[in-house]
Amino acid sequence: GQNVFYTLHHLFLTNFGIYLVIFDARHFLHDQQSSMEYLKFWLYTIKLHASDAPILIVGTFLDKIGRSGQLWQINNDMAHLVSRFLQVVPNEKDRLYFFPLDNKSGGGDEIRRIRQVVENVARHQPYVNCDVSIRWVRCLDVMLEKGKVQNWLSLDDGKDIAKGLGITSANEIDKMLSFFNNLGVIVHLTGTENLKSIITTQPQWLVDSFAKVIRDRKLHPYDETELEVLGLLDDVASLFECGLASRDLLEYLWDSHTDFLIDLMRESMLLSNWRFGKEKSYLIPSMIVKRAKDSGIVNPEKGYRCTFDFSEGILPVGVFERLVCLCVEESALIPESREPELYKAAACVYLGPNDFFVLSNSHEAIIGVDIEKGELAERVLSMMLTIMRKLKNELMGKELIFKVKVGKADSKGVPLEVARNRKLSPWFSVKAKERTLSVDLDSFLKCT
């Protein structure tokens with residue numbers, strides 16, 4: 001689907017699964033670089049969210065590439081990347097990192113062998129071999145059946161079903177819902193009271209709901225006649241042009257599920273409160289289409305620059321957007337801050353009437369922070385480090401790898417630890433203390 005939904009991976013990628021990464025072997029031979037980037041993205045993404053889950057790599061169109069030398073060429077080319085992932089299940093029979101698949105014959109023997117490997121791997125997974133109460137299984141069946149009509153149940157309804165089957169302990173109900181959530185048969189999140197109150201019995205319903213807001217206007221237009229009658233045409237224009245969704249528009253699109261879906265989008269890095277202007281609105285950075293090159297926003301040619309380099313792994317989709325969301329939240333709480341200038345891969349954020357810094361993601365693996373005034377450097381660096389630690393510790397996990405450098409805008413910069421030890425000005429002062437953000441990150445991630 002759309003790349004923007006990659007930010008939902010944490011909902012659907014768990015350790016309770018076996019993942020197949022499929023690539024086109026023909027394309028690999030003709031464009032190794034893009035094929036390797038594709039494999040790198042998915043291998044690191046799965047490792048990020050499901051570091052213990054087995055992965056099988058499958059190469060299609062065996063019938064088009066031959067069965068000997070070219071297979072070994074592909075295998076040798078991917079060896080350096082794939083060997084870093086202990087999760088990858090090797091093709092022991094062919095002594096390859098991947099399983100070749102013949103499309104012309106419909107898979108045949110190759111499909112059967114892949115299925116056998118998956119079944120064998122599954123038998124050794126702890127969650128497959130753990131004891132599960134028959135009452136739990138019966139409770140799941142009843143919840144899925146009752147949730148067919150509207151795709152979800154209230155937590156209270158789920159508790160009533162459980163109690164009717166003799167599951168009366170609140171602790172046991174929580175464990176049961178967590179287990180089935182990890183298996184992916186339901187979605188039940190606990191970050192906020194609104195999220196906790198809903199048990200989603202059809203995960204696809206969540207994606208469909210988000211697609212009512214995050215969409216290509218040309219491919220999936222709204223019924224503008226109805227929107228005009230409701231007085232929402234300007235709201236739609238604001239969404240598609242500026243990435244700002246009004247509360248009225250979201251209530252029209254989501255009806256009674258608005259609060260739940262707002263919370264879920266906020267937790268999924270897709271949305272934050274927009275505190276500039278009189279009407280209640282929400283910022284959805286992924287909907288911003290304006291490019292910085294078409295505007296007056298530029299990185300300060302003179303000044304200071306901090307970089308977050310993710311090239312040892314990947315920069316997950318949504319990290320830059322979440323940084324923008326949090327920085328905008330912080331800006332709004334500082335008196336007299338001007339409205340941020342927001343673009344597809346850049347943002348100019350104000351900390352007061354005149355002070356500002358520029359966030360940019362012009363390189364696929366690097367987030368840059370440019371600061372014109374030296375007296376802002378320490379403050380902005382502290383803010384960015386606090387946000388990144390929060391993202392790593394509570395959303396992305398330990399597999400999110402990045403290196404930080406600081407320096408002048410026209411230099412390569414020095415590693416963060418070196419700069420800290422040297423008390424490099426203006427990033428660190430002798431009496432430096434970590435600054436406390438105005439915005440409470442816990443409140444932002446768990447806002448009701």
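**Close-up views of a predicted model**

**View 1. The end of helix 15.** Helix 15 is followed by Asp 255, whose phi is positive, near 55°. The model shown here and in every other view is predicted. Helix 15 itself spans residues 247–254 and lies across strand 6 and strand 8. Its direction makes about 70° with that of strand 6.

**View 2. The buried face of helix 15.** Which residues of helix 15 are buried? They are Arg 247, Leu 249, Leu 250, Leu 253 and Trp 254. Seen down the helix axis, these buried residues fall within an arc of 160°, so they line one face of helix 15. Several elements cover them, including helix 12 (203–210), helix 13 (224–230) and helix 14 (233–242). Strand 6, helix 16 (258–267) and strand 8 are also part of that cover.

**View 3. The three-stranded sheet.** This open sheet has 3 strands in the order 6-8-7, with antiparallel pairing. Strand 6 (244–246) and strand 7 (272–274) are the edge strands, each pairing on one side only. From one strand to the next, the twist averages 40°. Strand 6 and strand 8 (residues 281–283) run antiparallel and are joined by 3 bridges. Ser 246 has Ser 281 of strand 8 as its bridge partner. Helix 17 packs on the sheet and touches strand 7 and strand 8. The directions of helix 17 and strand 7 make an angle of about 40°.

**View 4. The largest nonpolar core.** This core has 45 residues. Which of them have the most contacts inside it? Phe 308, Phe 357, Leu 359, Ile 367 and Val 369 do. Among the elements that each supply at least two residues are strand 9 (304–309), helix 17 (319–332), strand 11 (346–350) and strand 12 (356–363). Strand 13 (366–371), helix 18 (374–396), strand 14 (403–408) and helix 19 (416–422) also each supply at least two. Helix 18 gives the largest share, 11 residues. A second, separate core has 33 residues, including Trp 152, Tyr 222, Leu 227 and Ala 245.

**View 5. Around Phe 308.** Leaving aside residues up to four places away in sequence, Phe 308 touches Ala 365, Ile 366, Ile 367 and Val 369, among others. Its contacts also include Met 384, Leu 385 and Met 388. Phe 402, Lys 403 and Val 404 touch Phe 308 as well.

**View 6. Strand 11 and its two hairpins.** Of the 5 residues of strand 11, 5 are buried, so the strand is largely enclosed by the rest of the structure. Ala 346, Cys 348 and Tyr 350 point one way, while Ala 347 and Val 349 point the other way. Strand 10 (residues 341–343) runs antiparallel to strand 11, and 3 bridges join them. Glu 341 has Cys 348 as its bridge partner. The hairpin of strand 10 and strand 11 has 2 residues between the strands. Strand 11 and strand 12 also run antiparallel, joined by 5 bridges. There, Val 349 is partnered with Phe 357. This second hairpin has 5 residues between its strands, and Gly 352 in the turn has a positive phi of about 115°.

**View 7. A salt bridge within helix 16.** Side chains of opposite charge can pair when their charged atoms come close. Arg 266 forms a salt bridge with Asp 263, with the closest N and O atoms 3.0 Å apart. Both residues lie in helix 16, 3 residues apart, about one turn of the helix. Are the two partners buried or exposed? Arg 266 counts as buried at 4% relative accessibility. Asp 263 is buried too, with a relative accessible area of 3%.

**View 8. A salt bridge between a loop and helix 17.** Arg 275 forms a salt bridge with Glu 329, the closest N and O atoms lying 3.2 Å apart. Arg 275 sits in the loop between strand 7 and strand 8 and Glu 329 in helix 17, so the pair ties together parts that are 54 residues apart in sequence. Arg 275 is partly exposed, at 44% relative accessibility. Glu 329 is buried, at 2%. Elsewhere, Arg 247, Glu 251 and Asp 259 are joined into one network by salt bridges that share partners.

**View 9. The Arg 26 and Asp 24 pair.** The structure holds 14 salt bridges. In one, the side chains of Arg 26 and Asp 24 meet at 2.9 Å, N to O. Arg 26 is partly exposed, with a relative accessible area of 31%. Asp 24 also counts as partly exposed, at 25% relative accessibility.

Definitions and conventions
Residues numbered from 1 in each chain as written. Predicted model: local features only at pLDDT ≥ 70, side-chain atom pairs only at ≥ 80, totals over all residues. Heavy atoms only, no water. Core = buried A, V, L, I, M, F, W, Y, C linked by side-chain atoms within 4.5 Å. Buried < 20%, exposed > 50% of the residue type's maximum accessible area, 1.4 Å probe, protein only. Helix = DSSP H or I, 4+ residues; strand = E, 2+ residues; numbered from the N terminus. Contact = heavy atoms within 4.5 Å. Pairing = 2+ DSSP bridges. Axes fitted to C-alpha atoms, helices over the stretch in contact; angles between N-to-C directions. Arc of directions from axis to C-beta. Salt bridge = Lys/Arg side-chain N within 4 Å of Asp/Glu carboxyl O.
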